[in-house]
Amino acid sequence: MHHSTKVVNMAGDGGTISYDVFISTEPAPEGICSSYDGDVHVWLSDTPAQHTISIFIQPRWIVWNPSSALRVRLADAFVYPTPCKSTGMKYVGSETEFLRESKGVPKDAITLAYLIAIDAGVKGTGGSTDYLRNQANASRQCSSDLGGSKSIPSVSGSNTALDKGKGREIEFGMAGIEPHVTVEEGDVSMEHDHENLRGKSVYLFDYRRLLAHPWLSSDPAASTLDWSAHGIATVTSWTCKKDAVATAFMASSRKASEVNHHYRMLVELGSHGKPLRELHRDIRQALAQGTAVLVHGWRPQQAMEFSLEDIREYRPPLSQTIKWQDASERAKLFKMPPSARSYVNQIVEGSLHQFVLASVDQKSCWNCLDLPSLIPEIPPFLRGILDDRMAMMTTGTEAYVTAKGEATKGDCSGLNGLQLMHFDAWRSCAWDVMTHGGFLTYPHHDATGFLTYSYIQTGAKLWAYIHLDDVDEFDSDDVAAKWNAYYKHPMATETYNKNVVVGTVLLEKGAVLIQPPGVNHMVYTPVPTVMSGGHFLTYETMHLTEMALTLDFGLGKEDIQHATNALHPGTLRKVYRMAIALPTLVLEWPLFHERCIIALGSIVSTDPLSFGVDEYEEGVRLKAKDALSAELAGERARALDIMGGVMRKWNVANPWKEMRKGLWRDPGPLKDISFLGFL
């Protein structure tokens, strides 16, 4: 052993932690040692390429890989050794800090061993400082020969000049994008409200906030994009030129709440100051007209950042396998003719740990959709409008399959309710979406006729709602044909600005966005983001659900394009149960919108095979005699019995054709259907 010293490192809470650094001409000893967790051993070999840095973690020395996070228990807390430009290594308090602090720092053992040795030699009192100087110079020369860091300081001259201290370096503290942009230390998570952000986070001199990941905002090649409607700026999408142009188109658009073309695009409501029943009414009325709703004043209870630590606590384990879209792989598809594009190529499979770590890699721009969340946090004002859940709870004790597994439209109550459920019927209720900064989701509408609610756990998203401009809203064939033309290119980015009016929404923590069925939109994610939400159905929007299903599956038209981003085979199950629940619900709520009830009858009376969900990857793949198929057939038979009674009462011979008449987004007048209480 040639040298040892004790190092004091600043802790994240303002205190200090200490550990020993050993500089040796021999490798770290094997077996049980008398060292303590967190101690550092540097082997300065006669061959610099063999230098190693080891960290002691009971009961042995572990060779440190500076490129990967290594958790060490030190001073009753978990810390992470991190490469440092001045001292070679220091400890930080989280994996997030590790990723941030190690950005741009050399990660080869030769360079870091040199820096640790010099720092220890300058501060230490024992051992051979001359030996350290000789070995350090050899390390420096070897690092240069191998193409390592060229910024290693010379060891000649005053020793005190090398004493950089152990303070925290900020490698990305100031953004060099535009002269008027100022980015303060590390504050890009948008966890504070707008007023606080002006005072102490990312801001522009004209009070526009910069929503961008630190490594993007500090890139000299990056350019900002001004979203003047929302008082923010983002970094321009860099994955491909088409994405950059489409994002710029979004940024130049008005706020969605200011757009009233054919009908209002978005209304904004507050969740405080009025009775819950009045808020439910206002939300339902807006959604029934096809208008999205942004409800302010609610945020999830759990504080979160886009970090391994927080995401591990929120939805463990990090080792779980997930799938994501890769923007770089997707960009390659544009170089191919549409007929040759295989969209499977943009889907990558890996671990959640890998996905989170890659959020700080400039080469990675990924989007992970539909991570099922079976323990969701639901805003209280949503509970009263989730009609599909209410219907399932209302009819949950009713079974429409016999003990022999045969379909029946009569309730077999002896079976104690619903017997089988496809996981999709549950999965669609609540999910998380994780996205890297810079990802653009292309134009689409959501999920087989569902409504969607979304809120931010950490980060931010920018929606662009897309309404048709020149269209005959009283002619459903014209509406279908215009959307078909819009989506004629499979990736839709070639037509994103054709015959449409666009309005944008900034969604941050503190608000919930509720989206009607079939609303076409695209989404830009400026910073690493975790978003939670779910799909649901309501009676007031069943006419929009029916229209979305018609567009998705070409009911009555063979050439309609499938434009949704996902297929959910559990949708029909929920629709059937909503019909079955009506005889019970009308005992308290007898009034329903006429066209919404006809739309419910249209979906129920349409052959399930026409929806074609089994033709796609997400399909149920059931055989006619499967137990779930039998139960679904029984539920549909009961739903047909109920809806048939309404259609006969109203003299509607063909509900699907009836829905092709009139204004497609009109829910119709309220009508009393209390007579269903006698069925």
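Select F334 first: at 15% relative accessibility this residue counts as buried, where buried means under 20% relative accessible area, exposed over 50% and partly exposed in between, taken with a 1.4 Å probe on protein chains only. The structure is a predicted model, in which local features need pLDDT of at least 70 and side-chain atom pairs count only at pLDDT 80 or more, while totals for chains, interfaces and linings use all residues. Residues are numbered from 1 along each chain as its sequence is written, and side-chain values use heavy atoms, with hydrogens and water left out.

Now add Y442 to the selection, which is buried as well, at 9% relative accessibility. F334 and Y442 form a tilted aromatic pair, with 6.1 Å from centre to centre and 50° between the planes; rings of Phe, Tyr and Trp (its six-membered ring) pair if their centres lie within 6.5 Å, and planes under 30 degrees apart count as stacked, over 60 as edge-to-face and the rest as tilted. F334 lies in the loop between α9 (327–333) and β20 (347–351), whereas Y442 lies in strand β23, so the pair ties together parts that are 108 residues apart in sequence. Helices (H or I, at least four residues) and strands (E, at least two) are DSSP runs, numbered from the N terminus.

**The sheet around β23**

From Y442, extend the selection to the sheet that holds β23, an open sheet of five strands in the order β14-β26-β25-β28-β23, with mixed pairing; two strands pair if DSSP finds at least two bridges between them. β14 (254–255) and β23 (439–444) stand at the edges, each with a single partner strand, so one side of each is left without a neighbour in the sheet. Which strand is joined to β23 by four bridges? The partner is β28 (residues 520–525), which runs antiparallel to β23, and within this pairing L440 has Y524 in β28 as its bridge partner.

Next, show the helices that meet this sheet. Helix α14 (residues 476–486) packs on the sheet and touches β23, β25, β26 and β28, its direction making about 130° with that of β25. Helix α6 (residues 241–251) lies across β23, β25 (460–468), β26 (500–508) and β28, and runs at about 105° to β28. Such angles run from 0 to 180 degrees between N-to-C directions, with axes that are lines fitted to C-alpha atoms, for helices over the stretch in contact; contact means heavy atoms within 4.5 Å.

Stay with α14 and colour its buried residues, among them V479, A480, W483 and Y486. What covers the buried residues of α14? The cover includes β23, β25, β26, β28 and α15 (542–553). At the start of α14, a side-chain oxygen of D475 reaches to within 3.0 Å of the backbone nitrogen of D477, which is a polar contact (a pair of N or O atoms within 3.5 Å; within protein, one must be able to donate a hydrogen and the other to accept it, and residues adjacent in sequence count only if both atoms are side-chain atoms).

**Around L537 and K509**

Move to L537, in the loop between β29 (529–536) and α15, which counts as buried at 0% relative accessibility. Leaving aside neighbours within four places in sequence, L537 is in contact with residues including I385, F450, T545, V575 and M578. The C-alpha atoms of L537 and V575 are separated by 8.1 Å, although these residues are 38 residues apart along the chain.

K509, in the loop between β26 and β27 (511–515), also counts as buried, at 11% relative accessibility. A polar atom of the K509 side chain lies 3.3 Å from the backbone oxygen of Q457.

**Other rings**

A search of the whole structure finds 13 aromatic pairs. Select W324 and W366, whose ring centres are 4.5 Å apart and whose planes are at 15°, so the pair is stacked. W324 belongs to strand β19 (residues 321–326) and W366 to strand β21 (residues 366–372), 42 residues apart. W324 is buried at 1% relative accessibility, and W366 is buried with a relative accessible area of 9%. Elsewhere, ring pairs link F22, F56 and W61 into a cluster.

**The whole protein**

Finally, zoom out to the protein, which has 19 helices and 31 strands and in which buried residues make up 56% of the 679 residues.
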